[in-house]
Amino acid sequence: MRKKMKDKDIEELKEKYTPIIKQIIDENQKFYNMKYSIEFDFFENDDIAVRGVSRNGKICLNIISFDYAYKINQPLQNELFILHEIRHLYQRWFILECKENNKNNEQANQWDYEFHNYIDMNKSLELYYGQYTEFDAFCYSYAVMQYKYGKIDYIELPKYFENNEGFHFMMNKWIEIFNNQKL
């Protein structure tokens with residue numbers, strides 16, 4: 001009986017947050033401007049630090065983590081991680097395009113290697129953050145958020161990137177691109 005109740009509650013959360021997620025995706029279209037539509041789904045994980053993943057051509061969001069961010073009045077955490085996962089979709093699509101066009105691209109090759117040899121944060125935080133796929137997704141998502149909202153008190157960089165000059169350089173490059181495009 002308790003399991004059914006939980007399933008019902010989860011379904012209600014999905015119904016509640018689906019239009020919000022669609023709105024976040026639509027409002028940020030100008031930043032990622034991809035020819036593919038962004039699809040999303042949910043999964044459940046009681047570990048609220050597990051925010052989302054990209055797999056099978058869509059972003060998958062932890063509904064429990066998503067709800068928690070609203071409960072503690074930190075809704076922009078959700079937008080940050082939606083953008084992060086969208087960037088991973090872009091990376092995968094870029095790899096596919098390069099392969100389909102027989103284009104040897106160093107960045108695509110590195111991303112492809114990392115996706116096939118992915119290091120989960122549970123194995124090693126240093127190796128996880130050291131992956132260029134993660135570096136790129138964090139730079140991009142934090143840059144969009146900073147460009148749109150300025151400093152958000154409750155959104156902090158992972159400690160691994162706080163003093164990383166390359167990270168700040170790339171984040172500022174993204175912001176410069178957004179400024180030049182007048183997004």
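Which residue just after helix 3 takes a positive phi? Keep that in mind as you work through these exercises on a predicted model.

**Exercise 1. Find the residue that follows helix 3 with a positive phi, and decide whether it is buried or exposed.**

Step 1. Go to the end of helix 3: just after it, N73 takes a positive phi of about 60°.

Step 2. Check the residue type. N73 has this positive value although it is a residue other than glycine.

Step 3. Place N73 in the chain: it lies in the loop between helix 3 and helix 4 (76–100).

Step 4. Look at the accessibility. N73 has 59% relative accessibility, and exposed means over 50%, so N73 counts as exposed.

Step 5. For a companion case, try K182, which is not a glycine either and has a positive phi of about 55°. K182 sits in the segment after helix 9 (165–180), and it counts as exposed because its relative accessibility is 71%.

**Exercise 2. Work out how the strands of the sheet are ordered and paired.**

Step 1. Start with the order. Three strands make an open sheet, arranged 1-3-2, with mixed pairing.

Step 2. Find the edges. Strand 1 (39–43) and strand 2 (52–55) each have a single partner strand, so one side of each has no neighbour in the sheet.

Step 3. Add the twist: on average, neighbouring strands of this sheet are turned by 25° against each other, direction ignored.

Step 4. Take the pairs one by one. Strand 1 and strand 3 run in the parallel sense, joined over five bridges; here E39 has K58 in strand 3 as its bridge partner. Strand 2 and strand 3 (residues 58–62) are antiparallel, over four bridges. In this second pair, G52 is bridged to L61 and V53 to C60.

Step 5. Recall the background: strands of a sheet pair through backbone hydrogen bonds, either parallel or antiparallel.

Step 6. Look at the link between strand 2 and strand 3. They form a hairpin with two residues between them, and N56 in the turn has a positive phi of about 55°.

Step 7. Ask how covered strand 3 is. Four of its five residues are buried, so strand 3 is largely enclosed by the rest of the structure.

**Exercise 3. Describe how helix 3 begins and what it packs on.**

Step 1. Look at the N-terminal end. N62 caps helix 3 there, with a side-chain oxygen 3.1 Å from the backbone nitrogen of I64.

Step 2. Find the packing partners. Helix 3 (residues 63–71) packs on the sheet and touches strand 1 and strand 3; its direction makes about 60° with that of strand 3.

Step 3. List the buried residues of helix 3: I63, I64, S65, F66, D67 and A69.

**Exercise 4. Which residues have the most contacts inside the largest nonpolar core?**

Step 1. Remember the general trend: in soluble globular proteins, nonpolar side chains tend to be buried together.

Step 2. Find the core. The largest one has 44 residues, and I21, I25, I38 and I82 have the most contacts inside it.

Step 3. Follow I82. Setting aside neighbours within four places in sequence, I82 is in contact with I21, I24, I25, I59, L61 and F66.

Step 4. Note a second, separate core of six residues, with F94, C98, A108 and W111 among them.

**Exercise 5. Trace the contacts that link helix 4 and helix 7 through H84 and S141.**

Step 1. Check the geometry of helix 7 (residues 132–149). Its 18 residues should span 26 Å at 1.5 Å a residue, and its end C-alpha atoms are 25 Å apart, which agrees.

Step 2. Judge its cover: helix 7 has 13 of its 18 residues buried. After the helix comes G150, with a positive phi near 75°.

Step 3. Zoom in on S141, which is in helix 7. S141 counts as buried because its relative accessibility is 1%. A polar atom of its side chain lies 3.3 Å from the backbone oxygen of F138.

Step 4. Cross to H84 in helix 4, which is buried, with a relative accessible area of 2%. Not counting residues up to four places away in sequence, H84 touches E134, A137, F138 and S141.

Step 5. Finish with distances. H84 and E134 are 50 residues apart in sequence and 8.6 Å apart in space, C-alpha to C-alpha. The side chains of H84 and H88 make a polar contact at 3.1 Å.

Technical notes. Residues numbered from 1 in each chain as written. Predicted model: local features only at pLDDT ≥ 70, side-chain atom pairs only at ≥ 80, totals over all residues. Heavy atoms only, no water. Expected span 1.5 Å × (residues − 1). Buried < 20%, exposed > 50% of the residue type's maximum accessible area, 1.4 Å probe, protein only. Pairing = 2+ DSSP bridges. Axes fitted to C-alpha atoms, helices over the stretch in contact; angles between N-to-C directions. Contact = heavy atoms within 4.5 Å. Core = buried A, V, L, I, M, F, W, Y, C linked by side-chain atoms within 4.5 Å. Polar contact = N/O pair within 3.5 Å; in protein donor to acceptor, adjacent residues only side chain to side chain.
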